[in-house]
Amino acid sequence: MAFIPSGDVISQIIYAASILLFVVFMLYGQRIQMYVMIREVEASLYKLKFIKEEGRKIAIETIKEIGKPQTDPSARVDRYLEYFTISPQSMDPAGIVYKLDHILDVRDTRLKDEVKIMAPGSDEVQVNNLENTLEAAMALNFIYKVVRHYYIQGKKTLSLYVIMQLQMILPLVMKEAEAYASALKAFAYGQPIGDGAGPLVAAKLMHGYETRKLPKDCVVATVPIEGRTAFIIKAEGPGGNVGKPGDAVQTIIEENEGKIANVIMIDAGLKLEGEGVGEVAEGIGAAIGGPGVDQYKIEETLVKYHIPINAVIIKEDIGDAVSPMRKEISDSADKVIERVKNVILERTKEGDKVIIVGVGNTIGIGQ
Amino acid sequence: MTENDQSSTTASRISTYMLTIVLIILALSIMALLFAVSAFVVGDQVVAGYLLIIGFITMGLSTYLLLQSRKRVANLKIEAPKIMTTIECIKCGLKSVREFQRGDYVYKELDKCQKCDDKMTITAIYKEVKEKEKTYNV
Ligand SMILES: [Zn+2]
């Protein structure tokens with residue numbers, strides 16, 4: 001037979017070995033593939049661990065530097081990193097928005113108090129920045145723990161599917177972790193982040209005009225634009241803070257008894273791959289992220305008084321949104337102002353009142 | 001820490017185990033290729049062909065595995081991008097750019113302008129992205 005080499009014993013052995021190899025690959029190919037995947041996940045996990053430790057270190061160092069605590073804050077920081085929040089029961093969803101709002105308020109107060117205890121020497125702005133820094137560290141800690149959980153589970157069960165799921169989403173998880181890591185540094189230093197595009201535009205519009213405080217952690221300035229009266233709202237800077245634009249918009253509308261011609265919201269919007277950073281787009285609706293409480297409140301008030309709402313967004317990806325603001329985003333503020341003026345000219349009459357809200361984290365942006 | 005040490009030792013055990021297997025396969029595939037050549041010289045072309053195919057496939061597979069499982073040198077560093085602060089005098093337009101310092105924020109008022117008596121203001125803080133992003137023509 002031609003399949004089996006005749007004569008030479010060694011080549012016969014080699015031949016048999018090669019066939020055996022094929023069988024091995026056929027039967028254990030999946031297992032080998034799994035080990036490759038485990039190694040890949042493991043390498044990422046080490047990197048995550050490093051990022052997490054680095055984040056914790058930066059947070060502690062910043063607290064020591066700014067807060068001048070008498071005792072070592074490390075133990076308290078470690079406890080802080082493990083904080084969790086339980087969202088309200090949604091089995092009967094009526095009224096859940098206000099329950100969630102309450103929970104978030106309590107959380108915010110609790111975390112800020114914690115920061116004040118950790119860093120007694122810091123002022124209001126620094127407390128906000130430190131809180132943001134710690135929250136980024138908290139997010140990193142959480143990502144690390146979840147990935148580690150699935151990694152260990154995968155190794156314990158040796159199930160291809162557990163490991164495969166983890167390995168498939170890993171690039172996205174790593175991207176997010178890296179974004180949080182650079183956010184953490186930005187927060188620690190008080191640098192503006194990409195998410196601050198909205199507040200930056202609002203600050204540009206209101207700069208030089210008198211501001212007053214609004215609930216909660218927001219400021220408003222009354223600015224004449226193109227013959228209209230504009231109420232410009234942003235979170236109060238320059239501390240790391242998103243405020244509660246929902247409550248602020250509600251307050252202004254109630255103060256004017258609903259006589260508002262238009263609400264324009266400016267926010268950083270998630271871009272799709274292929275779109276340019278800093279591109280400006282226009283649309284309809286309440287442009288605001290977060291848990292949805294503010295969006296709900298704004299929409300409710302708008303419906304009550306039949307006020308139209310427009311949105312202008314600045315495109316950026318998740319990494320840009322939480323890392324220091326890129327030049328393209330900073331430069332696009334003027335383009336946004338042009339667009340906003342267009343909307344005002346086209347959608348309102350002279351003498352009307354409009355509300356312009358710059359949504360986002362105002363860290364590093366004053367007014 | 002004990003848990004971590006344990007996991008890292010198991011990891012290295014798996015990797016050396018894997019590595020030996022892959023290396024043995026690689027050696028076998030090279031031998032198969034050598035035998036293919038000798039079979040060809042002898043004149044047994046069918047056998048030479050088979051050995052050649054087997055040799056190449058196993059070699060390809062094992063090098064693939066070797067490259068895949070090689071621990072990529074992880075870039076373990078949180079990169080710190082350069083942050084720039086633009087300072088402007090709103091009255092006379094004098095503009096300067098310097099590196100970010102802690103405490104800077106947009107619309108912070110700084111010292112007096114060198115030309116006129118107005119105060120300088122920070123008008124922008126941004127990150128310079130050096131490398132151009134890869135663009136896809138679609
Ligand atoms: Zn000047």
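Before we look at any residue, one definition: two strands count as paired if DSSP finds at least two bridges between them. With that in hand, and bearing in mind that what we have in front of us is a predicted model, let me begin with a pair of strands in chain B.

Strand S1 of chain B, residues 83-89, is joined to S2(B) by five bridges, and the two strands run antiparallel. Within this pairing, Ile87(B) lies opposite Ser96(B) of S2(B), while Glu88(B) has Lys95(B) of S2(B) across from it. In a regular strand the side chains alternate between the two faces of the sheet. S1(B) and S2(B) together make a hairpin with five residues between the strands, and in that turn Gly93(B) has a positive phi of about 80°.

Let me now widen the view to the sheet that this hairpin belongs to. It is an open sheet of four strands in chain B, in the order S2-S1-S4-S3, and the pairing is antiparallel. Strand S2 (95-99) and strand S3 (109-112) of chain B are at the edges, and because each has a single partner strand, one side of each is left without a neighbour in the sheet. From one strand to the next, the twist averages 35°.

As for chain B as a whole, its secondary structure consists of two helices and four strands, and along the sequence these follow the pattern α-α-β-β-β-β. Chain B has 138 residues, of which 31% count as buried. Its accessible surface is about 9600 Å², and carbon and sulfur atoms account for 59% of that surface. If we take the contacts in chain B with a separation of 6 or more, 44% of them are between residues 24 or more positions apart.

The next stop is the metal site: which residues coordinate the zinc ion? They are Cys89(B), Cys92(B), Cys113(B) and Cys116(B), each through its SG atom, at 2.2 to 2.3 Å. Along the chain, these donors follow the spacing C-x2-C-x20-C-x2-C. Cys92(B), in the loop between S1 and S2 of chain B, and Cys116(B), in the loop between S3 and strand S4 (119-127) of chain B, are 24 residues apart, and as a pair they link distant parts of the chain. The arrangement around the zinc ion is tetrahedral, because the four donor atoms subtend angles of 102 to 114°, and the cut-off for that term asks that all angles lie between 85 and 135 degrees. Are these two cysteines buried or exposed? Cys92(B) counts as partly exposed, because its relative accessibility is 35%, whereas Cys116(B), with a relative accessible area of 18%, is buried.

Finally, let me turn to chain A, beginning with helix H7, residues 245-255, whose buried residues include Pro245(A), Val249(A), Ile252(A) and Ile253(A). The buried residues of H7(A) pack against several elements of chain A, among them strand S2 (218-225), strand S3 (228-235) and helix H8 (293-305). Just after H7(A) comes Glu257(A), which takes a positive phi of about 50°.

I will close with Ser323(A), which sits in the loop between helix H9 (318-322) and helix H10 (327-347) of chain A. Ser323(A) is buried, because its relative accessible area is 4%. What is Ser323(A) in contact with, leaving aside its neighbours within four places in sequence? The contacts of Ser323(A) include Ser182(A), Pro192(A) and Gly194(A), and also Lys127(B).

Terms used. Residues numbered from 1 in each chain as written. Chains lettered and ligands numbered in written order. Predicted model: local features only at pLDDT ≥ 70, side-chain atom pairs only at ≥ 80, totals over all residues. Heavy atoms only, no water. Axes fitted to C-alpha atoms, helices over the stretch in contact; angles between N-to-C directions. Donors = N, O, S within 2.8 Å, 3.2 Å for Na, K, Ca; no water. Tetrahedral: all angles 85-135°; square planar, octahedral: opposite > 155°, others 65-115°. Buried < 20%, exposed > 50% of the residue type's maximum accessible area, 1.4 Å probe, protein only. Contact = heavy atoms within 4.5 Å. Areas by Shrake-Rupley, 256 points an atom, 1.4 Å probe, with all protein chains shown as cover.
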